[in-house]
Amino acid sequence: MVNCCGLITVKNEPVPLKSIVVEVSVQGHVATVSSTLQYENQEQSPLEAIFVFPLPGEAAVCRFSAKIGQTEVVAEVQEKQKAQEQYDDALSSGQQAFLLEESDESPDVFKLSVGSLPPGEKASVSLDYVTELAVQADDGLRLCLPAVLNPRYQPQGSDSGSGGSAQVSSVPAGSVPYSLSLSAHVSSPHPISRVESNCPLDPLNYLNTEKTQATVSLAAGHQFDRDVELLLYYQDTHQPTAIVEAAQASAKPGSLMGDPVVMLSLYPEFPKDVMSSMTSHGEFLFVVDRSGSMECPMHLGSGSQDRIGSARETLLLLLKSLPMGCYFNIIGFGSSYESFFPKSVEYSQKTMDEALQKVKEMRADLGGTEILQPLKHIYSQPCLPDQPRQLFLFTDGEVGNTKEVLDLVKTNAGSHRCFSFGIGEGASTALISGVAKQARGHAQFITGQDRMQPKVMQSLRFALQPAVVDISVKWNVPKGVSVNPLSPPIRVVFQGQRALLYAQLTGESSGDTEGSVTVKYSLAKQPVENQLSFSLKPTENTGMTVHRLGARTLIQSLEVEEREQDGEKEGVKEKVIELSVQSGVSSAFTAFIAVHKGDGEALHGPLLHRHVPTPMLYHSSMPMLLSCGMTRCSPMVIACSLQKNICAPDFDSPAPTSKPVRDPLLQLISLQKASGSWVLEAALAEVLVKTEEEVSKPKPAQVDQEVWATVLALVWLYGFKMEAQEEWQFLAMKAVSWIQAQKVASVSECVQAGNTLLGCQVQKDTLGL
């Protein structure tokens, strides 16, 4: 039973949030999301409600308004402390007020305070934000609406009193006492192929014959048991595009909002010969969350594997796919951290076997989630000469000190690349996307029915790609026009990945309306150049989405600079506040404030204080959540989200009792040697569903047993497991390199004999031999 003393009113009726209506407008690679929250005070006294909710880490809140009865008040952006003081003043003088602010610990958590609602009064609060859509492995664009705010684990000794995430009331996801409806309007320069979701959708409705505009809605009855994820698929999605957005008519020319802003989406294409060469160097550090919450299932529903089990399988694949000649280590973290080896070791049969044995014994038994200390430990170790450091971070993303973690990663960004993986619903986008962005890597989210392995192997492909260096961006615009970049310099480019760039266009040209941008870089010591031309004529009907995302990009860069200088550099904070106020975009130093100056009377006595619950996924064996209601003047608060013993399931996970049926693919992979070869043995015959004698007999006479076993493994992979090729492609490449190094004369004969034995028809060329 849930023990809730703050989630219901004194009459045992639900909290005052009644419904959430979301409208999404997508333009190509970016979106504006508008949410309306309907409140009702069913108490006998004036009420203050606190609602803490997550937004995507890259999002920028750009409008906030409130309607009380028939009167609408639109919030303005002000310096944070000033806004908080104005909110308190309004409440004490009997006025209604609304305050929206970013959490101090994490830029993807916001706190909304709805103040002094008279008894029986209804209020609706509208909130707009803009966000970029992340590109997925299959070229889909992902828009995530976080319905689930998982408890963020706050490291011991850190100050949790002031931030928004310090006061989250949570209830099991299925019993949230309010409803959600969602509709989306999608428009793109390229035709829309399809829209998918992890939640039931009503059918896609095209609005024109070119299929460049469509609408789609969430089916009724959403349960709040997961984040709502929309995946959009366009035709020709790899074509670079430019959108020029007109200036805001009311803004002063020369200011950010008073000039046109251009957004470029670039997809650099790499030469084929370069892509086929994979590096054999690198220090690979696999940093794996072993906190109690990793015991949770990967997704809801029977038969779902737990997160730590999926991580174990993924580590097996990674360890088998590493190139000979590299170095590696595995670090597990929770409240403390443990390394497999005191420092990174060279990859060999011996070290691989040792690591695999430790992976088998790995459990979710290290308590809470503290990422900062293991990262500090890694960065204190010197980098190895000629072995570029590649960090793979696996976590379900529940930490309370996100900004501190991101600052540490940025400080050390020059020494490594970081590939991050958010596991399960509610992983913090600010944390997962942030560490990858700061350390020139790539972020992946593994939710719903997703398998972890293909996504991780895609990131390994990026890590093994030759690094792109010496990146430069040159703008060519007509005389009279100048370009002021809003995005930080591009520091990393991967094959098939998008880079979004924003720039302000100042001045006017007398005649020419064409501009272009040239991106140059060096790849495997070869110079590469990509060019895109664009029209300076503004695209119609884009709202101010591009301006606001450009402002958000610049604000985020300045916020990091301010934290690095510890506030000592003059004028940075002031510039953020000025930009935030001018563009209407949220920042760490500002808040949205709306005051309804009605005929309220000054308050006497305490104002009732209620926390509106956010949904939280929980495991059947987790302790339930406790929340506490309180009066405004009471200093006592039970901050559930941060109490390790209440909300994160931090318990030791028992070793599995029954022996599970092993997947033949994983069985085959676990038999491969570090060099890439297989040995002719009973375990291999078992995977091939043959006896040892049946496997040995057809071996061509002059061929070595190990070569024969390796050819058989490759024929089996290509013959029976093509649907999982993403997962085994690197270990197959390793096997082919090993066979080629043996200089075998009769490879064709081997492949033919293997096909006959296994009943396949795999060509020698298909294997890469």
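**Helix 15 and a four-stranded sheet**

In this predicted model, the buried residues of helix 15 are V707, W708, A709, T710, V711, L712, A713, L714, V715, W716, L717 and Y718; buried means under 20% relative accessible area with a 1.4 Å probe, protein chains only. Twelve of the 16 residues of helix 15 are thus buried, so the helix is largely enclosed by the rest of the structure. Its cover includes helix 12 (664-671), helix 13 (682-687), helix 14 (692-696), helix 16 (725-741), helix 17 (747-758) and helix 18 (764-767). Helix 15 itself spans residues 705-720 and reaches 22 Å from its first C-alpha to its last, close to the 22 Å expected at 1.5 Å a residue. At its N-terminal end, D704 acts as a cap, with a side-chain oxygen 2.9 Å from the backbone nitrogen of E706.

Turning to the strands, four of them form an open antiparallel sheet in the order 19-20-30-29. Strand 19 (241-245) and strand 29 (481-485) stand at the edges with a single partner strand each, so one side of each lacks a neighbour in the sheet. Strand 29 is joined to strand 30 (residues 499-507) by five bridges, and V483 stands opposite L505; strands count as paired if DSSP finds at least two bridges between them.

Across the protein chain there are 18 helices and 37 strands, taken as DSSP runs of H or I with at least four residues and of E with at least two. Buried residues make up 58% of the 769 residues.

Residues are numbered from 1 along each chain as its sequence is written, and side-chain values use heavy atoms, without hydrogens or water. Local features need pLDDT of at least 70 and side-chain atom pairs count only at pLDDT 80 or more, whereas totals for chains, interfaces and linings use all residues.

How values were computed
The expected span of a helix is 1.5 Å times one less than its number of residues. Buried means under 20% relative accessible area, exposed over 50%, partly exposed in between (1.4 Å probe, protein chains only). Contact means heavy atoms within 4.5 Å. A polar contact is a pair of N or O atoms within 3.5 Å; within protein, one must be able to donate a hydrogen and the other to accept it, and residues adjacent in sequence count only if both atoms are side-chain atoms.
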